[in-house]
Amino acid sequence: MNYEGFVQEVQRGVKEIVEKKLEDGIVVVRNVLKNNNVRMKAISIVRKDEDATPTIYLQNYYEEYQRGRAIKSICNEIYEIYLRGIDNFKTDVNIQDISDLEKMKEVIYYKVINYEMNKTLLSKIPHFKFLDLAIVFYIMMSKDDEGQATALIYNQHIAGWEITPEELRNIAFQNMWNNYPVVVRRMEDIVSEMILNDILGDEEWVDAYDDEYDEDCISEDTEYGEYTYGELKGIVREEVENLKIDDLNMYVMSNTMKLNGAACITYPGAIRDFALEHNSDVYIIPSSVHELILIPDIKCSIDTINDLIKDVNRRQLDPVEILSDHAYIYRLKTGEIE
């Protein structure tokens, strides 16, 4: 069965469940336009008294079906996801208040996306060009330990608010810069933490982005196999350092939210301060829409870096997460990104 046939069968199966268990549910399949002009089939169950409903994408389910999973099992899971989503759905923003700018001002933020890959979307939303990227705007509907829910701001929103794109930009910039400042970390430290997390398994771990982070909160005397936590941490960091390529210092720049952190490329002085600290030009690698990799004083050619970025984007990165196929260079002498 091809993908279109699978989608129809799933819609039919979920509809049968809804008709038995809900009085007024309607099963809807939509083509959702995602970042980078990626269009994905999604299914939703809509009821008149509910302000919002989970959007459940079907591509992964199709791959499971191709590996032998029964459509009935998939339909049952989709219905259960709907029930859990409705039960857990809470927003910090009342959807009815979206038309009121004064109630929205504090939750308006921005991100950067690829300009050329999103021209269809950009025709519908307020945006500003930055290099070959676009600055676009969104409402932070909710944020908790499980993640964030956001809603893109469209042209009709600012028309209803009776503000200009420039006024929207000023609001979003101040919120982003004040609430989610830049975080820069060594690549080796991030890799070390990932390995430690894998080793510790279900052990309670801390978030190094947290202002209250304290390495002593896990006892240095606690034993993991033959080693204490302190010894294990030292071993992992030493091994990661040994894997480092000679003279290649890599840093990850994001924000404290760890969402849409590539927008840090637009923060006033963020890249400049990093370059001044290292007294060199800086290669800026668009790792994803959520983070940048910074490499000061690099010796290899820009073409080599660009080939690597293209390979990672095609082979490893979710198409929705791609920011750009090439690196940028911050020139310390001119203070410009090119």
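**Exercise 1. A charged pair and its surroundings**

E77 has a relative accessible area of 29%, so it counts as partly exposed. That class lies between buried (under 20% relative accessible area) and exposed (over 50%), with a 1.4 Å probe and protein chains only. The model is predicted: local features need pLDDT of at least 70, side-chain atom pairs count only at pLDDT 80 or more, and totals for chains, interfaces and linings use all residues. Residues are numbered from 1 along each chain as its sequence is written, and side-chain values use heavy atoms, with hydrogens and water left out.

Task: With which residue does E77 form a salt bridge, and how far apart are the closest N and O atoms?

Solution.
- Apply the criterion: a side-chain nitrogen of Lys or Arg within 4 Å of a carboxyl oxygen of Asp or Glu.
- The partner of E77 is R69, with the closest N and O atoms 2.6 Å apart.
- Classify the partner. R69 is partly exposed, because its relative accessibility is 22%.

**Exercise 2. Other salt bridges**

Task: How many salt bridges does a search of the whole structure find? Then place D325 and R314 in the chain.

Solution.
- The search gives 13 salt bridges.
- One of them joins K103 to D97, at 3.5 Å between the closest N and O atoms.
- D97 has 22% relative accessibility and therefore counts as partly exposed.
- Another joins the side chains of D325 and R314, at 2.6 Å from N to O.
- This pair links distant parts of the chain, 11 residues apart: R314 sits in helix α11 (302-315), D325 in the loop between α11 and β14.
- Helices (H or I, at least four residues) and strands (E, at least two) are DSSP runs, numbered from the N terminus.
- Compare exposure. D325, at 21% relative accessibility, is partly exposed, whereas R314, at 54%, is exposed.
- Salt bridges with shared partners also join E64, R69 and E77 into one network.

**Exercise 3. The nonpolar cores**

Task: Which members of the largest nonpolar core touch the most other members?

Solution.
- Fix the term: a nonpolar core is a set of buried Ala, Val, Leu, Ile, Met, Phe, Trp, Tyr and Cys residues joined through side-chain atoms within 4.5 Å.
- The largest core holds 48 residues, and I108, Y110, W161, I284 and L294 touch the most other members.
- Strand β6 (residues 133-144) supplies the largest share of this core, seven residues.
- Take I108 further. Residues up to four places away in sequence aside, I108 touches L101, Y138, I153, W161, L168, I171, A172 and N175.
- Contact here means heavy atoms within 4.5 Å.
- A separate core has 21 residues, including V10, I17, Y62 and Y79.

**Exercise 4. The open sheet**

Task: In what order do the six strands of the open sheet run, and which are the edge strands?

Solution.
- The order is β8-β11-β13-β12-β14-β15, with antiparallel pairing.
- Two strands pair if DSSP finds at least two bridges between them.
- The edge strands, each pairing on one side only, are β8 (182-186) and β15 (336-337).
- Look at one end. Strand β14 (residues 328-331) pairs with β15 in the antiparallel sense over two bridges.
- Y330 has I337 in β15 as its bridge partner.

**Exercise 5. The loop between β11 and α10**

Task: Y267, N260 and K258: which are buried and which are partly exposed?

Solution.
- Locate Y267 in the loop between β11 (251-255) and α10 (270-278).
- N260 belongs to the loop between β11 and α10, and so does K258.
- Y267 is buried because its relative accessibility is 8%.
- Its contacts, leaving aside neighbours within four places in sequence, are Y110, M176, W177, Y180, P181, V182 and N255.
- The C-alpha atoms of Y267 and M176 are 8.9 Å apart, with their positions 91 residues apart along the chain.
- N260 is buried because its relative accessibility is 8%.
- On the rule of leaving out neighbours within four places, N260 contacts K111, Y138, M176, N255, V289 and H290.
- K258 has a relative accessible area of 39% and so is partly exposed.
- Check its backbone: K258, not a glycine, has a positive phi of about 60 degrees.

**Exercise 6. The whole chain**

Task: How many helices and strands does the protein chain have, and what percentage of its residues count as buried?

Solution.
- The chain has 11 helices and 15 strands.
- Of its 338 residues, 40% count as buried.
- Among contacts between residues at least 6 apart in sequence, 61% join residues at least 24 apart.
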